[in-house]
Amino acid sequence: QLTDIAQHDVRRIDRLVSEISDASRVDAELSRAVFDPVDLGELLGGLLQARENRNENGNCKVVLRQTGARPASIMGVPIRLEMVLDNLLDNAVSFSPEGGEIDVLLQNIEEHVSVAICDQGPGIPAGERESIFNRFHSVRPEGEDFGRHSGLGLAIARSIAEAHDGSLSAHDRPDGEPGACFILDLPALDN
């Protein structure tokens, strides 16, 4: 029993050190990154397929919808944008009920491209919607192992969004149903 507790704590510390290192590396990397044209629709489609292939969506159904006649093109660093989207999808899966649906809406509207990822979980109280983006802040679903999360994921995701001259914010679901909706908003590439 004591050995199990020690191993759990060592894994948690190792994960925390790795994520702190990742956070520092991402900040430094993005400050000198060269941004390339990225089709966010292609990137998102590839990510969703990879997650499905790796069975990372649990028992949740992920539904992708896209609006706008033009491609969802932006300037960015694909691997970092994928990191943001993957984190948001991980959180949606984590907070969704068994067999829940996760709605992913990609929109290209005028000068902006946005991705909204909405779950059917408990939602986020209005007073928590900014603090969840603070480093080391973590509110996990009941029964989920706290040691698996450092509280850095959303902080890193927001840093990446801001480095792309965009934003990342938390909202209620637009349909009024229970759940959280995260919106990544980025400047569109001039077409």
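The following exchange goes through salt bridges and burial in this predicted model.

Student: Why is the contact between Asp 86 and Arg 51 called a salt bridge?

Tutor: The closest N and O atoms of Asp 86 and Arg 51 are 2.6 Å apart, and the cut-off for a side-chain nitrogen of Arg and a carboxyl oxygen of Asp is within 4 Å, so the pair qualifies as a salt bridge. Asp 86 lies in helix α3 (residues 78–95) and Arg 51 in helix α2 (residues 40–53), so the salt bridge ties together parts that are 35 residues apart in sequence.

Student: How do you know whether Arg 51 is buried or exposed?

Tutor: Buried means under 20% relative accessible area, and Arg 51 has a relative accessibility of 0%, so Arg 51 counts as buried. Its partner Asp 86 has a relative accessible area of 21% and is therefore partly exposed.

Student: Which residues are linked with Arg 51 and Asp 86 in a network of salt bridges?

Tutor: The network also takes in Arg 54, Glu 56 and Asp 90.

Student: What makes Arg 129 and Asp 172 a salt bridge?

Tutor: Their side chains meet at 2.4 Å, N to O, and because the cut-off is within 4 Å, the pair meets the criterion. Arg 129 is in the loop between β5 (112–118) and α4 (153–163), whereas Asp 172 is in strand β6, 43 residues apart.

Student: Why is Arg 129 called buried, or Asp 172 partly exposed?

Tutor: Arg 129 has a relative accessible area of 19% and is therefore buried, the limit being under 20%; Asp 172, with 46%, is partly exposed, because that class lies between 20% and 50%.

Terms used
Residues numbered from 1 in each chain as written. Predicted model: local features only at pLDDT ≥ 70, side-chain atom pairs only at ≥ 80, totals over all residues. Heavy atoms only, no water. Helix = DSSP H or I, 4+ residues; strand = E, 2+ residues; numbered from the N terminus. Buried < 20%, exposed > 50% of the residue type's maximum accessible area, 1.4 Å probe, protein only.
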